[in-house]
Amino acid sequence: MDATHRVVCRDDLFNPLTSMGLQLSCILVISHFFHLVLKALGQPGPIAQIFAGMVLGPSALSNLKSVKGFFFQTTAADFYQVFGLFCRIIFMFLIGLETDIPYVRRNFRLASTIAYSGALMGSIFGLGASFFLQHQLEEDDHFKSTFVCVMMLILAYTASPVVIRLAAELKFDTSDVGRLAIASSLIAEMSCLLLFNFMLACHSGKLFKYGFYCLFLSVFVIVTNKYLSNWFNKRNLNQKYLKNPEVFVILSLVIGSAMFMEWANYNSIINCFVVGLMFPREGKTARTMLHKLTYSVHNFVLPIYFGYIGFQFNGVWLNNWRNVLIVLILVLLSIGSKLCGTLAACRYLKIPLNEGVLLGFLLNLKGHADLLFIGSASKLLIVWSPKAFNLLLISIVLNTIISGPVVAFLMRREERLFGNMRTALEIQDPDEELRLLACVYGPRQAPAILGLISALSGSQTAPTTPYLMHLIELLKKRRTKLSYHELEQDELSDEEDYGGNDVVGIHEAVDAFTAETKIFMHAGKAVSSFATLYEDVSIIAEDLRVSIILLPFHKHQRIDGKMDSGKEGIRTTNQKVLRHAPCSVGIIVSRGIEGVPGFSQQLGFECIQQVATLFFGGPDDREAVAWSRRIAAHPRVNLTVIRFQSASASSLASASASSVQNSQTDNASDDDDGMLMALSRLETGNGRNEVDNTYLSDFYNRYVTSGQVGYVEKNVNSAAETAAALRSIGDKYSLFIVGKGGRGHSPLTTGICDWEECPELGTVGDLLASSDINVNGSILIIQQHRQLKKDLMGD
């Protein structure tokens, strides 16, 4: 009786499900250890996870009989396949949800050319080598044509999950090269999987019938998700995220459709990716799915999945020189084909050689669907011999193990290639993509920030990629004798509760902004004390490679029009960001009069927003003009550039120029002769004003002469006259844009008021933001990136 009981207990303990759970736990533990060691050497997480699987697999620990008997039980393979299937479903849905659709749409020709060039060259190499490899791998001649097709797919394929995780780990996923590599890998992977499913369908006529069912099911899930998302968004108005049962409903649809496709002998990766790709991006439903899936997938699902790839690596098959030679040939064919194809495409597209080499190694990363090409998914097409399966698997794993460190080495060697080269707006082409980071501390500041971003949506040729960061003060923990269950809700230390109800208000403003402008806003948050919050802002801005940071002013306008101070910590954070930011910085002061729609509201009203850009000279003012040219294309923005200059300096240019200047001082340049004379004055100048004149002359030729922007000159002789001129236009515009400083000791602005209340706004910005001047519009104060300012002007 006791012996029988012990046997039953042993069988209950050592079953495939238990061994799989222990194996997954070991992979996580070992991968974390490897990650700590390899991270110091600059190696990414997926490489460490594959190494962890190799250590646990038959190449190392599983050589021990006790370990092998525990992990390699008779029915364990079925459990591993089912778990791997659920992993693929979840992370491919998440990859589709995270895909930057506007970027892929804008750069589809570029990405597809690189993807298909590498895939085509891989197919050619695979076709040429397959006849030799079939004999060496001891494959049956009955499967000759199928073997050739599968070899072509293996060499043409790129594993997009590995590329995405590698780029994220090495922090170049937001760079131009990283985004292009991710888009190319997705195109290559989906194309190869589509061909693989087509091969499965051609093998059996019945599969075509199921193919139509699968297509109908995918369309049904996409349409259903759209209506469910809208319904859940309206149903949870006062909540941060959806409830767990609602999340379960959406995931059930995704998993159910994928399971049906697997039952029909089709691969479900494309379905899961497309469902995520077509999922509605606005509202709290998409935010909830990203919030729920991102942490679990990146920290548990993908590490285990990559670890399982290494777990299947069986180095025992490398026991003779012939097998080693076969693996070496496969690895060299894969690397060589990807490099040749990618470099040929980059030469055609005029992409630099160093970027082409990096793209080639990135697109050589494998280890995802390759396992399906040689695994159970291909059992309808071909029966693999143990030698062929293991040697192909070894070559697939080695490709990633080789390419990953090479990419990390190239990234360190070409560090400038991954740096943010667009740290200011002045040096950017106005038709290039603008990436910006907008920061808010609460819902009150969101309308002003979103109003500025919505003004950027007018141009059809200059896309905008905005990121919204909710900055939350981390309060010090209060000592208490109360138990955890006796604490109030606002006393709990759960990170999810930071921000309180402010998060709901900010999300509502973002949802309204997305519905109005069709610009998708990437939202996040940073939780820190005010002493170190600026570091989080700077690090995030550097990681996202943005060109400008938008910050809210620490004061807000009261009903009587006076400016009321907010938290002092907001002001100190703004000041530190201005000093340490890795790009340009803008501070928005929200002002307006009651009953009149100001610029803080989104530009969807019938009224035209009057915007003035004040130009005194210097790098910061040029940066303000560079921002202005971005919003000039908006149909509801009427932009006027007002240049303040010394009347005495202007008279030195020429007598004829002075006469025209006096007649055009306070009027827009509508007359052609006036434009030409104003342009001639812009082209005159010397010393430090030469850069200003050249820049403003180019702006004048492109925007003013075409009638898109108005241009006014104001002649003043002192700071007092400048202040008087600013007071005279205070009620004419809903937004003033001005540079913080960088003009040297200009007599037009030095000592513009008796004292500066907020030096971080500059002299002009401080005057406009003060309660002493009647300004009915908001003020945007811009500081150009300090390093660029030193490089261009030496200021």
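Student: How do you know that strand S9 and strand S10 (residues 710-716) pair?

Tutor: Two strands pair if DSSP finds at least two bridges between them, and seven bridges join S9 to S10, which run parallel, so the requirement is met. Strands (E, at least two residues) and helices (H or I, at least four) are DSSP runs numbered from the N terminus. This is a predicted model, in which local features need pLDDT of at least 70 and side-chain atom pairs count only at pLDDT 80 or more, while totals for chains, interfaces and linings use all residues. Residues are numbered from 1 along each chain as its sequence is written, and side-chain values use heavy atoms, with hydrogens and water left out.

Student: Which residues stand opposite Val-641 of S9?

Tutor: Thr-613 stands opposite Val-641, and Val-641 also stands opposite Tyr-711 in S10. Strand S8 (residues 609-615) is joined to S9 by seven bridges, and these two strands run parallel.

Student: What makes the unit of S8, helix H24 (residues 619-631) and S9 right-handed?

Tutor: A crossover is right-handed if, with the strands pointing away from the viewer, the path from the first strand over the helix to the second runs clockwise; S8, H24 and S9 make a right-handed β-α-β unit.

Student: Why is Arg-545 called buried?

Tutor: Buried means under 20% relative accessible area, exposed over 50%, and partly exposed in between (1.4 Å probe, protein chains only); Arg-545 has 10% relative accessibility, and therefore counts as buried. Arg-545 lies in the loop between helix H22 (533-544) and strand S4 (548-552).
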